[in-house]
Amino acid sequence: MSSVLIVDDNEDLRFSLSSVVRKNDFSVETAASGSEALEIAHSSVIDLAFLDIGLPDLHGISLIANLRQITPDMGIVMLTGLNDAKTAVEALKAGAFDYIVKPFDMIEFTTTLHRFMQSRLMEKKALIEHQQDGEGPLIGQSEPMRRVRQSIKTAASVESPVLITGETGTGKEMVARAIHHEGQGGHRGIFVKVDCGTLSANLVESELFGYEKGAFTDARSDKKGLVEVASGGTLFLDEIGNLPIELQPKLLRLIEESTFRKVGGLKDIKVQLRIIAATNSDLLAAINAGTFREDLYYRLNVLPIALPSLRERGEDIVLLADFFLHRLNREMKRDIKGFTNPATAILRSYPWPGNIRELRNIIEREIIFNNSGWLTLANLVHRWNSRDVELDQHLLSLQEMEKRHIKNVLTRTGNNKSQAARILGISRTTLRQKLASSAPDK
Ligand SMILES: Nc1ncnc2c1ncn2[C@@H]1O[C@H](COP(=O)(O)OP(=O)(O)OP(=O)(O)O)[C@@H](O)[C@H]1O
């Protein structure tokens, strides 16, 4: 939830404006004086402040400068008196986003509030533009996926942390995005992803929490961390098992107390955000190995969602394959008709160690090299390097050979089962069993 600050010495106005802000799903703080406002700005992440021009201790215009020193991109809307065009202009020059002339009605106030929040959302989205892939519908009707959908609904309706587990490529990030979009955060805030596995301990800390000017040699100015960028939205911590142990207490504090400190910072900053973590490693084993804190694990694991592997998802495999084919056809301006029957059988029996990501990539490659209009997945067969799969293949072909051989012998003997059994070297009962198990539809 984004945060709004109302600064006015009139208590009634503070009360009515803050209830309008709350009704619009933003969180709100109020201050009756300039000094109170500065105190709040020091200790909370504020997106937008409405400032009365005539405060008891400070002129509104000087307060703009002071607030902007603390949070350079805080949006400020000046509440000016009638016929005070000069102050309004001064406020805009000092960096205010807009001004509203008193007495104003609540529609004007709400419109200004939304106009600013909308532009703030766009700015934040631009900051993390490179992260916007991974959007799209969550495909799947299998029983395990129905349960996952139910968990997404539950998670979206509360604010507690969520821990998503599952093999690589099973859709952990997609599920995290779905929770964000269905939940509160989706209306107002943004989804910020941090890959804990790709940065060194030092970098993760400043990337996550930001730093203050002078925190280290290169820190020539303050830098916002991703926690602050995600304020009002969702922070997605991917590969949480790789979060350096020395940073784990800082994350625990963020979850438990909703506060953090920038690198080199002396004050605690309050922030409202939703935390979703994901991992494909065994966190309990990491706890035993001393690389993951048990208290953090239990704090994150309030709402666990375990994603099934693709091979456990039955008919979803074919649904997903059709979905990717359809989408890639459109994106690549191709007109591939579908999968051949043997290719569909391969889709169902391949173990998909790389799960949905692997399925998508294979289909994409097949489309690129396809000239016939139907995907055969011929390359996939060659690429199968898993021994189990090869074994499965041989077993399947042996079964097939046995079936054909029995059929041949029966034809030669005019369907005489006793004679056929003798030739085959098996009993009549075994022959009957084999015939039953290789019935035409099997
Ligand atoms: N249910 C789904 N429907 C459609 N596409 C999906 C689904 N689940 C995953 N995908 C697609 O599969 C790919 C991998 O998904 P995602 O990145 O969410 O997996 P992950 O579990 O987070 O992977 P990793 O563990 O490697 O980070 C993405 O391209 C995603 O769009």
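## Exercises on strands, cores and a ligand shell

L5 stands opposite E29 in strand 2. The model is predicted, with local features needing pLDDT of at least 70 and side-chain atom pairs counting only at pLDDT 80 or more, while totals for chains, interfaces and linings use all residues. Residues are numbered from 1 along each chain as its sequence is written.

**Exercise 1.** Determine how strand 1 and strand 2 run and how many bridges join them.

*Solution.* Strands are DSSP runs of E with at least two residues, and helices are runs of H or I with at least four, numbered from the N terminus. Two strands pair if DSSP finds at least two bridges between them. Strand 1 (residues 3-7) and strand 2 run parallel, joined by five bridges. In strand 2 (residues 27-31), four of the five residues are buried, that is, with 20 or more other C-beta atoms, placed from the backbone, within 10 Å of their own.

**Exercise 2.** Locate the largest nonpolar core relative to the domains.

*Solution.* A nonpolar core is a set of buried Ala, Val, Leu, Ile, Met, Phe, Trp, Tyr and Cys residues joined through C-beta atoms within 7 Å. The largest has 75 residues, among which A49 and L235 touch the most other members. Because domain 1 (3-122) and domain 2 (143-308) both give residues to this core, it lies between them; the domain bounds come from an automatic or database domain assignment. A second, separate core of 15 residues includes L310, L320, Y350 and L359.

**Exercise 3.** Identify which residues come nearest to the ligand.

*Solution.* Of the 18 residues around the ligand, each with its C-beta atom, placed from the backbone, within 6 Å of it, those that come nearest are I139, G171, K172, E173 and I356. Helix 7 (172-182) and helix 16 (355-369) are the elements that give two or more residues to this shell.

Technical notes
A residue is buried if 20 or more other C-beta atoms lie within 10 Å of its own, exposed if 12 or fewer, and partly exposed in between; C-beta atoms are placed from the backbone.
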